[in-house]
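Here is a short briefing for anyone about to load this model into a viewer. Take a look at the structure first, and then walk through the notes below.

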Amino acid sequence: MASVKQFQVTFDCAEPERVARFWCEVLGYVVPPPPEGFATWDDFNSSLPPEERGSWFVCIDPSGVGPRMYFQRVPEGKVVKNRLHLDVRVGTGLVGEERLATLEAECARLVALGAVRVRLLPADDDNESCLVMQDIEGNEFCLD
């Protein structure tokens, strides 16, 4: 049986570079160097046919541990809840007020980048608190 070595997370979006740069800030990811033969991503984009310019963008984990993130332009906007979402793990191992304070601090940082706070899911008998949020194009994610 073959094992999976790597995977990529793909986002459908209206503005790939804008959404990719948002997620770079959220996750500490970086934009990789442009393809060989191009000094900048703008140079690369300028070489493409007009209908393909800005149609995709990527960001990567500089440590090489996390998955590559790929953002592709699609014509339709988001209309329903995501079937899959990211949990951004900022409160791992924390409980109670310490966890809430950490989640709230990260929420404030991300709201300043354009994210939207949706709601707090308070701790219960089985789970610690988490915050439901949306990125700059309305894709749901959780601060966990």
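A residue is called buried here when its relative accessible area is under 20%, exposed when that value is over 50%, and partly exposed in between. By that rule, buried residues make up 35% of the 144 residues in the protein. Please keep in mind that this is a predicted model.

**Overall layout**
- The protein has three helices and seven strands, and along the sequence they follow the pattern β-α-α-β-β-β-α-β-β-β.
- Taken along the principal axes, the C-alpha atoms fill a box of roughly 55 × 35 × 30 Å.
- Among contacts with a separation of 6 or more, 57% are between residues 24 or more positions apart.

**Asp61, a buried acid without a salt bridge**
- Asp61 sits in the loop between β2 (56-59) and β3 (68-73).
- Although Asp61 is buried, it has no salt bridge; the nearest side chain of opposite charge belongs to Arg68, 13 Å away.
- A salt bridge here needs a side-chain nitrogen of Lys or Arg within 4 Å of a carboxyl oxygen of Asp or Glu, so the 13 Å to Arg68 rules that partner out.
- What does the side chain of Asp61 reach instead? It comes to 2.6 Å from the backbone nitrogen of Gly66.
- Not counting residues up to four places away in sequence, Asp61 touches Tyr29 and Gly66.

**Glu140, a buried acid with a salt bridge**
- Glu140 belongs to strand β7 (residues 140-143), and it counts as buried because its relative accessibility is 15%.
- Lys78 pairs with Glu140 in a salt bridge, with the closest N and O atoms 3.2 Å apart.
- Lys78 lies in the loop between β3 and β4 (86-88) while Glu140 is in strand β7, so this pair ties together parts that are 62 residues apart in sequence.
- Unlike buried Glu140, Lys78 is partly exposed, with a relative accessible area of 37%.
- The side chain of Glu140 also has a polar atom 3.0 Å from the backbone nitrogen of Asn82.
- Leaving aside neighbours within four places in sequence, the contacts of Glu140 include Lys81, Asn82, His85, Leu86 and Met133.

**Other salt bridges**
- How many salt bridges does a search of the whole structure find? The search gives seven.
- Side chains of opposite charge can pair when their charged atoms come close.
- Arg21 and Glu17 form one such bridge, with their closest N and O atoms 2.8 Å apart.
- Arg21 and Glu17 are four residues apart in helix α1 (residues 16-27), so about one helical turn separates them.
- Both partners are partly exposed: Arg21 at 41% relative accessibility and Glu17 at 31%.
- Glu15 and Arg18 meet in another salt bridge, at 3.6 Å from N to O; Glu15 is partly exposed at 40%, as is Arg18 at 42%.
- Arg89, Arg99 and Asp144 are linked in a network of salt bridges.

**Internal space**
- Rolling a probe the size of a water molecule over the atoms shows where empty space is left.
- A search of the whole structure finds one cavity of 30 Å³ or more, and the largest cavity has a volume of about 30 Å³.
- The residues lining the largest cavity are Trp41, Phe44, Asn45, Leu48, Glu52, Gly54, Ser55 and Trp56.
- Helix α2 (residues 41-46) gives the most to that lining, with three residues.

How values were computed: Residues are numbered from 1 along each chain as its sequence is written. This is a predicted model: local features need pLDDT of at least 70, side-chain atom pairs count only at pLDDT 80 or more; totals for chains, interfaces and linings use all residues. Side-chain values use heavy atoms; hydrogens and water are left out. Helices (H or I, at least four residues) and strands (E, at least two) are DSSP runs, numbered from the N terminus. Buried means under 20% relative accessible area, exposed over 50%, partly exposed in between (1.4 Å probe, protein chains only). Lys and Arg count as positive and Asp and Glu as negative; His and the chain ends are not counted. A polar contact is a pair of N or O atoms within 3.5 Å; within protein, one must be able to donate a hydrogen and the other to accept it, and residues adjacent in sequence count only if both atoms are side-chain atoms. Contact means heavy atoms within 4.5 Å. On a 1 Å grid over the protein atoms alone, a cavity is a set of points where a 1.4 Å probe fits but cannot get out, and a pocket is an open set with protein on both sides within 12 Å along at least five of seven lines; lining residues have an atom within 4 Å of a point. Grid points are joined across faces, edges and corners, and a volume is the space filled by probe spheres set on the points.
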